[in-house]
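Here are my notes on the model you sent, set out as numbered points. Please read them with the structure open beside you.

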Amino acid sequence: MSDKFDKYLEEEEHFLKDTKKSRKQRKLKSSKDRSKYKKTDIQKSKILSDAKKESKKHLDKGVVLSILGEEILVSFNKKEYKCTLRGILKKEKTKNKNILAVGDIVNISFKNEKEASIESIDKRYSILSRLETRTKKQSIIAVNIDQVLITSSVVKPHLKPFLIDRYIIACTKGNMSPVIIINKIDLLKLGTEEEEKYKNFLKIYEELGYLILSISCKTKIGLNSLLNVMKGKTSVFSGQSGCGKTTLINSVLHTKFKTGELIKKTYKGAHITTKSQLIELKKGGFCVDTPGIKGFGIWDLEMEDLKNHFFEFENFAKNCKFGDCKHIDEPSCKVKEALDKNKISFLRFEAYRCLIKEILEKKESLYE
Ligand SMILES: Nc1nc2c(ncn2[C@@H]2O[C@H](COP(=O)(O)OP(=O)(O)O)[C@@H](O)[C@H]2O)c(=O)[nH]1
Ligand SMILES: [Mg+2]
Ligand SMILES: [Zn+2]
């Protein structure tokens with residue numbers, strides 16, 4: 001934190017030096033002999049004068065609704081303002097794309113009826129992020145969120161338990177609670193493989209204690225439960241594109257955001273939602289709609305995250321022969337034994353296997 005602050009300070013000083021042959025500099029020159037002052041003294045006095053400036057300025061707290069390139073929309077008192085970033089934050093943003101995210105609480109000063117300037121950003125209490133696979137960097141989806149509404153569907157697109165596991169891990173890591181939504185249950189046909197898969201999923205994940213809402217926007221099943229879960233909280237709808245996130249929002253909030261027809265061959269959504277946006281609920285709370293992403297990589301996935309997530313393994317894992325057993329091909333592994341006896345679900349174990357492979361491969365590639 002202090003490193004970051006020093007950096008800000010350096011940059012601001014640089015900024016002053018280069019662009020503002022300002023009052024400040026003239027003052028510095030005209031004062032008797034500043035050279036005897038150490039740099040730290042100058043820094044201190046700068047911090048003080050900045051603090052004074054800040055305290056004179058009246059700032060209001062708003063929340064970031066959306067960010068599209070340079071255009072930042074902030075809500076204050078139920079009104080929207082087009083905002084720009086204060087110089088120093090703007091510089092920081094070119095280096096760190098995640099400096100500002102949807103859901104950030106910002107301190108703003110107004111320019112006029114429609115525009116304001118973001119002077120500073122408050123500390124975040126939760127962060128939903130993912131691994132940007134192309135750049136291998138963290139990409140923040142939204143911040144200051146209470147719960148992630150992990151949205152999936154049946155048939156179009158198919159239910160993908162592995163993807164849901166990934167979202168749950170990201171959610172716990174970022175300090176939010178998960179709610180699993182299975183949409184389009186109107187498409188389930190009795191006796192089909194898809195129905196079997198859905199029932200199996202429900203059984204396993206409900207037993208593990210997750211809250212699951214089965215919904216159909218088409219027949220309006222489960223919409224009231226969803227609204228109740230959303231009331232008074234900040235939620236983010238996240239999940240594969242085409243599973244009905246925007247339709248769910250329109251159905252419960254009576255909004256008219258654009259939804260996508262499915263591209264028939266792949267059953268993938270047409271990526272109609274192009275940016276994340278925060279929407280205010282009339283009865284209190286917010287929700288965020290997010291654009292579809294193809295896969296979901298977990299940012300900074302660690303062994304500890306797997307231990308926490310696959311908590312039902314622990315009862316068996318404590319009796320494995322090796323204390324650091326990864327339950328893959330070690331001898332006398334009690335987790336594998338439990339799997340063979342159906343005491344651990346095959347679905348969960350497979351999800352675990354994929355994720356641990358990811359961690360091990362990443363670690364290996366570090367040694368190359
Ligand atoms: N059959 C059925 N189709 C749905 C349901 N909910 C959404 N859809 C359709 O699924 C498609 C994708 O919806 P959209 O909300 O754009 O998905 P998003 O990409 O997750 O935001 C649209 O054609 C919707 O009409 C549902 O409950 N049942
Ligand atoms: Mg959408
Ligand atoms: Zn083991």
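1. How many bridges join strand β8 (residues 147–153) to β9, and do the two run parallel or antiparallel? There are 7 bridges between β8 and β9, and the two strands run parallel; within this pairing, T151 has I181 of β9 as its bridge partner. Between the two strands the chain passes through helix α5 (residues 161–173), in a β-α-β crossover that is right-handed. Here strands and helices are DSSP runs numbered from the N terminus (E, at least two residues, for strands; H or I, at least four, for helices), strands pair if DSSP finds at least two bridges between them, and right-handed means that, with the strands pointing away from the viewer, the path from the first strand over the helix to the second runs clockwise.

2. A word on the basis of these notes: this is a predicted model, in which local features need pLDDT of at least 70 and side-chain atom pairs count only at pLDDT 80 or more, while totals for chains, interfaces and linings use all residues. Residues are numbered from 1 along each chain as its sequence is written, and chains are lettered from A and ligands numbered from 1 in the order in which they are written.

3. On its other pairing, β9 meets strand β10 (residues 211–214) in the parallel sense over 4 bridges, and I181 has L213 of β10 as its bridge partner. Helix α6 (residues 193–207) completes a right-handed β-α-β unit with β9 and β10. Because 5 of the 7 residues of β9 (residues 177–183) are buried, this strand is largely enclosed by the rest of the structure; a residue is buried if 20 or more other C-beta atoms, placed from the backbone, lie within 10 Å of its own, exposed if 12 or fewer, and partly exposed in between.

4. Strand β1 (residues 60–68) pairs in the antiparallel sense with strand β4 (residues 105–110) over 4 bridges, and with strand β2 (residues 71–76), also antiparallel, over 5 bridges. V63 has I105 of β4 as its bridge partner, whereas S66 stands opposite L73 in β2. The hairpin of β1 and β2 has 2 residues between the strands, and G69 takes a positive phi near 60° there.

5. The largest nonpolar core (buried Ala, Val, Leu, Ile, Met, Phe, Trp, Tyr and Cys residues joined through C-beta atoms within 7 Å) has 54 residues, and those touching the most other members are V64, V74, L128, A142, V148, I150 and V236. Helix α5 gives this core its largest share, 6 residues.

6. The buried residues of helix α8 (residues 245–253) are K245, T246, L248, I249, S251 and V252. They pack against β8, β9, α7 (223–230), β11 (234–238), β12 (277–280) and β13 (286–289), with contact taken as C-beta atoms, placed from the backbone, within 7 Å. Just after α8, H254 takes a positive phi of about 55°.

7. For the protein chain, the average pLDDT (the predictor's confidence in each residue, from 0 to 100) is 84, and 79% of the residues score at least 70. Over residues 1–37, however, the pLDDT is below 50, and this stretch has 10 contacts in the model beyond near neighbours in sequence. Where pLDDT is low, the predicted coordinates should not be read in detail.

Terms used: Two residues are in contact if their C-beta atoms, placed from the backbone, lie within 7 Å.
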